[in-house]
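Let's work through a few short exercises on a sheet and a surface patch. Grab your viewer and try each task before reading its solution.

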Amino acid sequence: MRTSPLLARSSPRPARCGLALAAAAALPLALTAQPAAARASGISVNTSGSTVSVVTSACSQINGSWGTAALLGSNQANFAQGRQAALSGTSVSQSAAWSNVSPGTHTVVVMCSSGSTAGTQSVIVSPASTPTISATASPTRGVMGGMGGATRDYGTVTLVAGGALVGTGVIATVWFLRRRTKPYRL
């Protein structure tokens, strides 16, 4: 890493090094600074479904009124054309809300009762999503128990044949074991 000669050397010109240090310290602040309009809008806009609400603390009450907020659609150009709502609240926080707002991009403008603009902010209202309902077929014979529902209903012939095989196997096993106990018998 190479150090800059202005910052590293001890110069006989201390005033010039001090200026360089001050500029280096102020550089990160200058790079992260935002424009004044982006820093302090004065309002906070939220959407929930088709409802848009605005909150501000920039207005003061004059003659019992805090001010008015307007919701402008994409084809509306000024405050008077928008859906207007009176601000209500306290000296700490004032708010207004609009319901049944159509989907799209809208602009919220808040005018205080003093005539000053508290802020302007754009908001996007998303279309409401509807839940999808799907029908499933129910089993015609109910739930089958036993082997995890994997059993089948076999006919009488299959059950008799299976019983005959099991019976034959039991008889053969008994005959074989008796024959082993008498080794010299044929």
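Ground rules first: two strands pair if DSSP finds at least two bridges between them, and strands (E, at least two residues) and helices (H or I, at least four) are DSSP runs numbered from the N terminus. The model is predicted, with local features needing pLDDT of at least 70 and side-chain atom pairs counting only at pLDDT 80 or more, while totals for chains, interfaces and linings use all residues. Residues are numbered from 1 along each chain as its sequence is written, and side-chain values use heavy atoms, leaving out hydrogens and water.

**Exercise 1.** Work out the strand order of the open sheet of four strands.

*Solution.* Start with β3 (residues 67-72), which pairs with β7 in the antiparallel sense over six bridges; here L71 stands opposite V108 in β7. Next, β7 (residues 104-112) meets β8 through eight antiparallel bridges, with V110 bridging to G119 in β8. Put together, the order reads β4-β3-β7-β8, with antiparallel pairing. β4 (83-86) and β8 (117-125) are the edge strands, each pairing on one side only.

**Exercise 2.** Find the residue with a positive phi in the turn between β7 and β8.

*Solution.* The two strands form a hairpin with four residues between them. Look in that turn: G115 has a phi of about 100 degrees.

**Exercise 3.** Which residues make the nonpolar surface patch of about 270 Å²?

*Solution.* Start at V170, in helix α4 (residues 156-181). Add V166 and V174, and you have the patch. Its members need over 30% relative accessible area and no salt bridge, with nonpolar side chains (Val, Leu, Ile, Met, Phe, Trp, Tyr) joined within 5 Å and like charges within 9 Å. Areas are Shrake-Rupley with a 1.4 Å probe, and for residues only the protein chains shown count as cover; a salt bridge puts a side-chain nitrogen of Lys or Arg within 4 Å of a carboxyl oxygen of Asp or Glu.
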